[in-house]
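Let's learn to read a structure together, one question at a time. Keep the picture in view while we talk.

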Amino acid sequence: MLHAVIAAAAEEAHNPLLPAWPDIIWSAVCFVVILFFFWKLILPRMQKMLDDRAEAIEGNIAKADDAQRKAEAALEQYTAQLADARAEAGKIRDVARADGQKIISELKEQAGAEAARITASAKAQIEAERQAAVLSLRAEVGTLAIDLASGVIGESLTDDAKASAIVDRFLADLEASEKAAK
């Protein structure tokens, strides 16, 4: 029997790594059927799914680009409005400064005019009071001088015209001596 096994083994001396031809044929048939099934059913569905996904991604990218362009346009518009607002604020500030300076100069002019008016009024009042004081002093000095002269002379100087002339002459001499002293 041993001899029969060796003979059988010698007849089939083929490579153990290679399968038998019927196995290769049936494997090839199964591979072709599975390949056909994948080629006709699975791959088109996968391709459609990938195309839909790529289309959605491209649509989202386009939407994002559009949104970014809109945002950039809004930013440029905002920047322009901000620059306009700053320029307008600068103009308003300059106008306010000019108006402030104008108001200050007008108030200074009014204060100067009011001060000049008050000064002129005070000078006029002082002059009027000085004139009144001079007249009052003349009358009083005249009365005192006549009383004193009456006492020195021993005679009554009741003549008003004469007394008045003496007092006027005395005061004129007094004023002349004051002017000469200066």
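**Reading the features step by step**

Q: Let me begin with one residue. Is Phe38 buried, partly exposed or exposed?
A: Phe38 has a relative accessible area of 39%. That value makes Phe38 partly exposed, because the partly exposed class lies between the buried class, under 20%, and the exposed class, over 50%. One thing to keep in mind from the start is that this is a predicted model.

Q: How is the aromatic pair of Phe37 and Phe38 arranged: stacked, tilted or edge-to-face?
A: Start with the count, then look at the rings. The structure holds 1 aromatic pair. The ring centres of Phe37 and Phe38 are 6.1 Å apart and their planes meet at 80 degrees, so the pair is edge-to-face. Planes over 60 degrees apart fall in that class. Phe37 is partly exposed too, with a relative accessible area of 43%.

Q: Which residues make the nonpolar surface patch?
A: A patch is read as a group of residues on the surface. Here Phe31, Val32, Ile34, Leu35, Phe37, Phe38, Trp39, Leu41 and Leu43 make a nonpolar patch of about 920 Å². Take Leu41 as one of them: Leu41 is partly exposed, at a relative accessible area of 37%, and has its place in helix α2, which covers residues 21-153.

Q: Where does UniProt place the "transmembrane region"?
A: Here we turn to a record and then check the model. In an unreviewed entry, UniProt puts the feature "transmembrane region" at residues 24-43. In the model, residues 24-43 are 100% helix and 0% strand. The C-alpha atoms at the two ends of that stretch are 26 Å apart.

Q: Which residues does UniProt list for "coiled-coil region"?
A: The approach is to read the record, then the coordinates. UniProt, again in an unreviewed entry, lists residues 61-95 for "coiled-coil region". Over residues 61-95 the chain is 100% helix and 0% strand, and the end C-alpha atoms lie 50 Å apart.

Q: How many salt bridges does a search of the whole structure find?
A: The search finds 6 salt bridges. To read one, look for the partners, the distance and the spacing along the chain. Asp52 forms a salt bridge with Lys48, with the closest N and O atoms 3.4 Å apart. Both Asp52 and Lys48 lie in helix α2, 4 residues apart, about one turn of the helix. Asp52 counts as partly exposed at 40% relative accessibility, while Lys48 counts as exposed at 53%.

Q: Which residues are joined into one network by salt bridges that share partners?
A: Let's follow the bridges one by one. Arg69 forms a salt bridge with Asp66, and the closest N and O atoms are 3.8 Å apart. Arg69 and Asp66 both lie in helix α2, 3 residues apart, about one turn of the helix. Asp66 also meets Lys70 in a salt bridge, at 3.6 Å from N to O. Asp66 and Lys70 are separated by about one helical turn because they are 4 residues apart in helix α2. Shared partners therefore join Asp66, Arg69 and Lys70 into one network. As for accessibility, Asp66 is partly exposed at 32%, and Lys70 is exposed at 55%.

Q: Now the whole chain. How many helices and strands does the chain have?
A: The chain comes to 3 helices and 0 strands. Read along the sequence, the pattern is α-α-α. Of the 182 residues of the chain, 4% count as buried. The chain exposes about 16,000 Å², and carbon and sulfur atoms supply 65% of that area.

Q: Which element has the lowest mean pLDDT, and which the highest?
A: With a predicted model, confidence is a good thing to read as well. Helix α1, residues 2-11, has the lowest mean pLDDT among the elements, at 58, and α2 has the highest, at 91. For the chain, the mean pLDDT is 85, and 82% of its residues reach 70 or more.

Key:
Residues numbered from 1 in each chain as written. Predicted model: local features only at pLDDT ≥ 70, side-chain atom pairs only at ≥ 80, totals over all residues. Heavy atoms only, no water. Patch = residues over 30% accessible without salt bridge, like charges linked within 9 Å, V, L, I, M, F, W, Y side chains within 5 Å. Areas by Shrake-Rupley, 256 points an atom, 1.4 Å probe, with all protein chains shown as cover. Salt bridge = Lys/Arg side-chain N within 4 Å of Asp/Glu carboxyl O. Buried < 20%, exposed > 50% of the residue type's maximum accessible area, 1.4 Å probe, protein only. UniProt positions renumbered as here; feature names shortened; annotations may be inferred. Phe/Tyr/Trp six-rings, centres within 6.5 Å; stacked < 30°, edge-to-face > 60°. pLDDT = per-residue confidence, 0-100.
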